[in-house]
Amino acid sequence: MKIDFIDLKAQQRKILSEIENRISAVLAHGKYILGPEVFELEEKLASYVGVKYAITCSSGTDALLMPLMALGIGPRDAVFTTPFTFIATAEVIALLGATPVFVDIDPRSFNIDSEKLAEQINRVKDTTELNPKAIIPVDLFGLPADYDSIMAIGGRHGLFVLEDAAQSLGANYKERLAGNLAHAAATSFFPAKPLGCYGDGGAVFTDDSGLAETLYSIRVHGKGIDKYDNLRVGLNARLDTLQAAILLAKMEIFPQEVETRQRVAQAYTAGLAELDRHLVVPYVPKGIQSVWAQYSLLAEKRDELIRELKKEDIPTMIYYPKPLHLQSAFAGLGYKKGDFPVAESTAERICSLPMHPYLSDVQQQRVLGVISEFFSR
Ligand SMILES: *Cc1c(COP(=O)(O)O)cnc(C)c1O
């Protein structure tokens, strides 16, 4: 029995004819750049997420970068974020010459700790020359961050809040969908994300018409009337029409997949309940629903467990083995080991299990069986 960490082939088998029809339509009209599928997708995404504007772009990374560019963030500005995320979240801050200021995570949700966020903002204001400008909370593993607190803190200090929803499209927070929880949000259509295309892609969500207009301009070389009229320095950051076509086919089954992800996650949590002396299952606060981009647990003897699973042909992943404040890329920021103890200890114990909507009961029982066998030895 083969178990995939994320099974994109099972999904493709289910919707292959719809994908082929969509691709054929693009080949027939030939509008490969900003073709009609891009605009159809943007309308469907905006309506799904519940925002006025969905601006598609070339990747999740560019979806994070473009709003920061639109805000004019640069040297001497501070942007607050978590060190326990994929590099892209903080990379875009540094790329613009601004300073990423890390804030430790909550030990249960793995998302940015709101109390520590408030402390860090005050520290930067009181003891540095940096101007606090924005916060980028990450909805890690598909679980929305603590937006009630984060938006209140941001509001008190006049900071822009950009939700990194790369992993959380389809999740919800108190009746609102991820992508609609801050001033703007960035998502990714990287193939392994909950809604993935067959290449790179991303989108920005916002209700702000001024911001949306600037983002349409930035993604096409800072265009004005057209791309030969340039209002600002921008990017080539469009989503390919072919990728939009693939996403349109996938969106038809996405709400159903989100439901199935809940079932798979609940089955893991139930199946692991009696191992609570050895591992900690994911925490989901009341009123919040994760989309389970990853099912990540904290495990005793993590590395041995991973080896055992691997022996049994069961893939796992470590997200993330090294927090961002310890990455060489950010050595210039002057952080050291011990600065964010929760992120550091989480990185040493975390492990993600195979997770996707097509994981069968039998496959899941096998994963659970190997884990429970391992801890009963
Ligand atoms: C994947 C990811 C990104 C970047 O998305 P790309 O489409 O790969 O550029 C950013 N932030 C987080 C949290 C991610 O998981």
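This passage describes the ligand site, the pockets and two backbone features of a predicted model.

We can start with the ligand and its immediate surroundings. The ligand sits in the largest pocket, and 16 residues surround it. Among these 16, the nearest to the ligand are Gly60, Thr61, Gln167, Ser188 and Lys193. Sorted by class, the shell holds eight polar residues, six nonpolar ones and two that are charged. Two helices, helix 3 (60-70) and helix 4 (88-95), each provide at least two residues of this shell. Helix 3 makes the largest contribution, with three residues.

Several polar atom pairs link protein and ligand. At threonine 61, an N or O atom of the side chain lies 2.5 Å from an oxygen atom of the ligand. At glycine 60, the partner is instead a backbone N or O atom, placed 2.8 Å from a ligand oxygen. The side chain of aspartate 164 has an N or O atom 2.8 Å from a ligand nitrogen. On its own, the ligand has 380 Å² of accessible area, and the protein covers 92% of that area.

The pocket that holds the ligand deserves a description of its own. The space in this largest pocket amounts to about 490 Å³. Its lining comprises 27 residues, of which Phe86, Gln167, Ser188, Phe190 and Lys193 are the closest to the pocket centre. Gln167, Ser188 and Lys193 are also among the residues that come nearest to the ligand. As for secondary structure, helix 3, helix 4 and strand 8 (184-188) each supply at least two of the lining residues. In terms of class, the lining is made up of 14 nonpolar, ten polar and three charged residues.

A further pocket can be described in the same terms. The second largest pocket has a volume of about 250 Å³. It is lined by 17 residues, and those closest to its centre are Ser109, Asp146, Tyr283, Pro285 and Ile288. Here the lining divides into eight nonpolar, six charged and three polar residues.

Two details of the backbone complete the picture. Most residues other than glycine have a negative phi, and most peptide bonds are trans. Against that background, arginine 76 has a positive phi, near 75°. This arginine 76 is placed in the loop that runs between helix 3 and strand 2 (77-81). Helix 3, on one side of that loop, is also the helix that supplies the largest share of the shell around the ligand. The other detail concerns a peptide bond: the one from tyrosine 319 to tyrosine 320 is cis, with omega near 0°. Tyrosine 320 belongs to the loop between helix 10 (302-311) and helix 11 (341-349).

Conventions: Residues are numbered from 1 along each chain as its sequence is written. This is a predicted model: local features need pLDDT of at least 70, side-chain atom pairs count only at pLDDT 80 or more; totals for chains, interfaces and linings use all residues. Side-chain values use heavy atoms; hydrogens and water are left out. A residue is near a molecule or strand if one of its heavy atoms lies within 4 Å of it. A polar contact is a pair of N or O atoms within 3.5 Å; within protein, one must be able to donate a hydrogen and the other to accept it, and residues adjacent in sequence count only if both atoms are side-chain atoms. Accessible areas come from the Shrake-Rupley method with a 1.4 Å probe; for residues, only the protein chains shown count as cover. On a 1 Å grid over the protein atoms alone, a cavity is a set of points where a 1.4 Å probe fits but cannot get out, and a pocket is an open set with protein on both sides within 12 Å along at least five of seven lines; lining residues have an atom within 4 Å of a point. A molecule sits in a cavity or pocket if more than half of its atoms lie within 2 Å of its grid points. Helices (H or I, at least four residues) and strands (E, at least two) are DSSP runs, numbered from the N terminus. Ala, Val, Leu, Ile, Met, Phe, Trp, Tyr, Cys and Pro count as nonpolar, Asp, Glu, Lys and Arg as charged, and the others, Gly among them, as polar. Grid points are joined across faces, edges and corners, and a volume is the space filled by probe spheres set on the points.
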